[in-house]
Structures are given as structure tokens and as C-alpha cells.
Amino acid sequence: MSYLTFHSKKIFYKEAGHGKPLVMLHGDTASSVMFEFLLPLYQENFRVILLDFLGNGQSDRVSHFPADLWSSQAEQVIALIEHMHIGKVNILGTSGGAWIAANTALKRPDLTEKVIADSFDGRTLHETFAEDLLKERRAAMQDPSARQFYQWCQGEDWESIVELNTQALVKCAADRVPLFCMPLEKLQVPILFMGSREDSMCRRNIEEEYLEMSRLVQDGSIHMFQTGGHPSILTNAELSARVITEFIYG
């Protein structure tokens, strides 16, 4: 197993495959294991790099997550890219990882070739985000399949990790913390906004939001799947891999 030391704590990462570097970023309460069964779809064309953000998976634990966690976690991605000395990389972020991917590119366009932002709310959290999140997390605690997913991603201490993440996201919404570290208009690299029209965990007008964001950036494109849940990279796994490969190599 490979680890990077970041602010005196260890970040777990792993590699698989050959080709253009593709860093895959997990969302909140998840870890890099969520990508494990997707590797056969990518490793023939990409040098896939997975990591667990601090406080998640096989990385060291933290006492809390900051309210600007999607911006601060981008610093972990930057540190990993610099640590690996691999030049520019492509970055795929799903759910919360989509904001991290975009923030990484905003902070360090010199390290970023292209970005895929999958299944996320866009420039702002929808008005009932905190209420919906608390409701969803309470239901998940009673759902055997959700509990199994959390434990699969995080290990035996999954409940405390989910609670810390919930606290951070509720504060992010309450304080209206900017989701991007700088205006999206400053993004200098191509970005693909990807999602599903059936995704109940994203804002209802997600396609309109994606269209507006694609107009703001220098080089933005959109791909929406007709069916599938959250996130689309999992619920439309083979189609997503095809779309992402064409976007990066096209």
C-alpha cells in the first residue's frame, strides 16, 4: 500500500493500469473502494490513481471536517499529484468529489489536463440541501444496504465518519460557504459536466444548471443520461466509461 504524508497525516493512494493519468475522486462518506469494480472499464486506457481523503477509508482519521471541505480537500489532490511527479493529470470527481476536482483545476491548472464533474449540484446547494441531507442520513442509518456501504468504504468506525461529514455539510449549507475556491469563469481547462436526469440526490433543475455552467467556462460540455441514479458513473458504469474516454482522448 502507498501513502503520502500531508500535514503530518497519511493519505492512502493506489494505482492501476496504463495510459493517460486519471485521478478518480470519491464523494462524501465514501472512499476509493467505490471505484474498485470500475477499474476494468478504465485501466486499459488510463493510469488510474485512487486516493482516500483524510478521515476516510484507509487514510488517517481527523477530528473534524471543515465547512469548506471540498476546497480544502483539493489541496490533498494537489499534494498527491506533486508527490507522484506525473505532470498534468485528468481528474474525475463524483458527487462531492466533483467540487474537489473543479477546485483542484482552479487552484492548479498547470497540473490539470481535463476535468469530469459527475453528479453534483453545481454552483450552489439547493435550498433544502441541509434538510434533505439530514433526512437522507437518518434513513441511511436504518437501511441495512446503506450501513453496509458505509462500513465497506470506511471500516468499523463508519458511524463517526458519517456524523463528522454530516456536521460539515450542514454548516457549509447554513453558512453559505462558496463551493468553488474562485469564480468558475476562471477555469482554464476543459470540463465535462455529467449526470443523470433521474438522480434524486441532485437538484431538480440539474440540467439547466449544467448548461449555465458550461456557458460560463472557457471549454465546457455536458452529458446527461436518461436513466440511472446517484452517481451516474456507477449507475451508468459502461456508458460513463465510454463518454469519459472519448472526452479525454478526443
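This report covers the sheet of a predicted model and two helices that lie across it.

## Basis

Local features need pLDDT of at least 70, side-chain atom pairs count only at pLDDT 80 or more, and totals for chains, interfaces and linings use all residues. Residues are numbered from 1 along each chain as its sequence is written, and side-chain values use heavy atoms, without hydrogens or water.

## The sheet

Eight strands make an open, mixed sheet in the order β1-β2-β4-β3-β5-β6-β7-β8. Strands here are DSSP E runs of at least two residues, and helices are H or I runs of at least four, numbered from the N terminus. Two strands pair if DSSP finds at least two bridges between them. β1 (2-6) and β8 stand at the edges with a single partner strand each, so one side of each has no neighbour in the sheet. The twist averages 25° from one strand to the next.

β6 and β7 pair in the parallel sense, over four bridges. D118 stands opposite M194 in β7.

## Helices across the sheet

Helix α2 (residues 69-84) lies across β1, β2 (9-16), β3 (20-25), β4 (46-51) and β5 (89-94). α2 runs at about 120° to β1. α7 lies across β6, β7 and β8, at about 165° to β8. Axes are lines fitted to C-alpha atoms, for helices over the stretch in contact (heavy atoms within 4.5 Å). Angles run from 0 to 180 degrees between N-to-C directions.

## The two sides of α7

In α7 (residues 206-216), the buried residues are I206, E209, Y210, M213 and S214. They fall within an arc of 135° seen down the axis, so they line one face of the helix. The arc is taken from the directions from the helix axis to the C-beta atoms. Their cover includes β6 (112-118), β7 (191-196) and β8 (220-225).

E208 and R215 are exposed on the other side of α7. Buried means under 20% relative accessible area, exposed over 50%, and partly exposed in between (1.4 Å probe, protein chains only).
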